[in-house]
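Hi,

Here is the structure I promised to pass on. Have a look at it first, and my notes on what turned up follow below.

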Amino acid sequence: MHGEYKVPGGKLVVVDLEVVDGSIQEFRLAGDFFLEPDDALPLIDDAVNGLPATTDASGIAAAVRAALPEGAVLLGFTPESVGVAVRRALSRASTWQEYDWEIIHEGPISPNEHLALDQVLTEEVGAGRRGPTLRIWEWDQPAVVIGSFQSLKNEVDPAGAAKYGVEVVRRISGGGAMFMDAGAIISYSLYVPTDLVQGMTFADSYAYLDEWVIEALKSLGIEAYYQPLNDISSTKGKIGGAAQKRLGTGSLLHHATMSYDMDGQKMVEVLRIGREKMSDKGTTSAAKRVDPLRSQTGLTRAEIIDRLIGTFTKLYGAHEGHVTEAERARARELVETKFATREWLERVP
């Protein structure tokens, strides 16, 4: 069995092993990480060999840590990452490079159609009718997208939304509200088989699925990093956040929104929670909480999107794709029957 795990912000951890009579045997660790002293590597191998194949990632990590000699230095990986790699091998997890990736970047549609497409395309991947896909959003109207479990009245100020003509919609994933002004943010969705994140905790999968974004931002000169659970941050402030939904059909939706040119004043007039966060942080300006990509790069939104697509393609290989007519028709049907209904929007009043 073979397993790989690219540590977010770190190195590749590779494991090979067999399972004999319910225990891990012939275990070998490899990768492009750094480890001192050299003789720590066979100690790690010995620590994993003989463990029950049912041992979870934390149990594997504990065995590795206990076997390390005093003063051992691990750079680019951790005992926990070894545990994840082992669990990925045992669960026969797939890798990015095993798939024929499609990238969709089409013209603007309504916020509710974006949310409906997220559900439809995730279902299509789960059904095997579509391969794994990255989709970049475009829209031409302001909106607030609240999380599946958020209270509508607690999150949104109706007077502020009406003042700026902001549509309020609800997505199928959890997490916090996103203020999405036209042309002011960059949003994307990944529709992937759950096999890609087998052996990982939910927290691990967030950083893993956004690692390509961190690399793209770093190539633009941004000192970007992932801040658990689901924030994309930089040394100058938060850039964006991600959310996930697993449909139970073998597929996973992972989507994220990053600020390009945030109007902080408008955001706090529309979002109630924004005011509380400003107060909690002792910050008088919302713009200081979400540092836009524009201020850090000086690039246009289109140029940043091009870098994102280029980085993804370089890392994983991808070709240009499109939403099919059948998928679009199904999404529009879902808008009418679900996403645009008061029942859905007010499901948590």
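Before the strands, one bit of vocabulary: two strands count as paired if DSSP finds at least two bridges between them. Strand β6 (residues 101–105) and strand β7 (residues 133–136) meet that, with four bridges joining them, and they run parallel. One pair you can look up is I104, which stands opposite R135 in β7. Keep in mind throughout that this is a predicted model.

**The eight-stranded sheet**

Those two strands belong to an open sheet of eight, in the order β12-β13-β14-β15-β11-β7-β6-β16, and its pairing is mixed. At the edges you'll find β12 (224–227) and β16 (318–320), each of which pairs on one side only. From one strand to the next, the twist averages 20°. Helix α8 (residues 211–219) packs on this sheet, touching β7, β11 (185–193), β12, β13 (231–234), β14 (237–246) and β15 (251–259). The direction of α8 makes about 150° with that of β12.

Two residues in this part are worth a click. W101 lies in strand β6. Is W101 buried or exposed? With a relative accessible area of 0%, W101 falls under the 20% cut-off, so W101 counts as buried. Leaving aside its neighbours within four places in sequence, W101 is in contact with a long list of residues: W96, P132, T133, L190, Y191, V192, L196, F312, Y316, G317, A318 and H319. For a distance to check, W101 and R130 are 29 residues apart in sequence and 9.8 Å apart in space, C-alpha to C-alpha.

The other one is E211, found in helix α8. E211 has a relative accessible area of 11%, so E211 is buried as well. Which residues does E211 touch, leaving aside its neighbours within four places in sequence? The answer is K6, V7, P8 and G9.

**The three-stranded sheet**

There is also an open sheet of three strands, in the order β1-β2-β3, with antiparallel pairing. β1 (2–6) and β3 are the edge strands with a single partner each, so each has one side without a neighbour in the sheet. On average, neighbouring strands here are turned by 20° against each other, direction ignored.

Within this sheet, strand β2 (residues 12–20) and strand β3 (residues 23–31) pair in the antiparallel sense over seven bridges. If you want to trace the register, V14 has A30 in β3 as its bridge partner, and V15 stands opposite L29 in β3. β2 and β3 form a hairpin with two residues between them. In the turn, D21 has a positive phi of about 50°.

Helix α3 lies across β1, β2 and β3, running at about 50° to β2.

**Two helix pairs**

As a reminder, two packed helices are described by the angle between their axes and the distance between the axes.

α3 comes up again here. Helix α2 (residues 57–67) and helix α3 (residues 79–90) pack at an angle of about 130°, with axes 7 Å apart. α2 and α3 are therefore oblique to each other, and their crossing is right-handed. On the α2 side, the contact uses A57, I60, A61, V64 and R65, which meet P79, E80, V82, G83, V84, V86 and R87 in α3. Those residues divide into eight nonpolar, one polar and three charged.

How do helix α4 (residues 111–127) and helix α13 (residues 325–339) sit, and at what angle do they cross? Their axes come within 8 Å and cross at roughly 120°. That makes α4 oblique to α13, and α4 passes α13 in a right-handed crossing. The α4 residues in the contact are N112, E113, L115, A116, L117, Q119, V120, L121 and E124. From α13 come E327, R328, R330, A331, R332, L334, V335, K338 and F339. By class, the contact of α4 with α13 has nine nonpolar, two polar and seven charged residues.

That's what I have for now. Shout if you want to go through any of it.

Cheers

Technical notes: Residues numbered from 1 in each chain as written. Predicted model: local features only at pLDDT ≥ 70, side-chain atom pairs only at ≥ 80, totals over all residues. Heavy atoms only, no water. Axes fitted to C-alpha atoms, helices over the stretch in contact; angles between N-to-C directions. Parallel < 35°, antiparallel > 145°, perpendicular 65-115°, else oblique. Left-handed = near helix turned anticlockwise from the far one by under 90°. Contact = heavy atoms within 4.5 Å. Nonpolar A, V, L, I, M, F, W, Y, C, P; charged D, E, K, R; others polar. Buried < 20%, exposed > 50% of the residue type's maximum accessible area, 1.4 Å probe, protein only.
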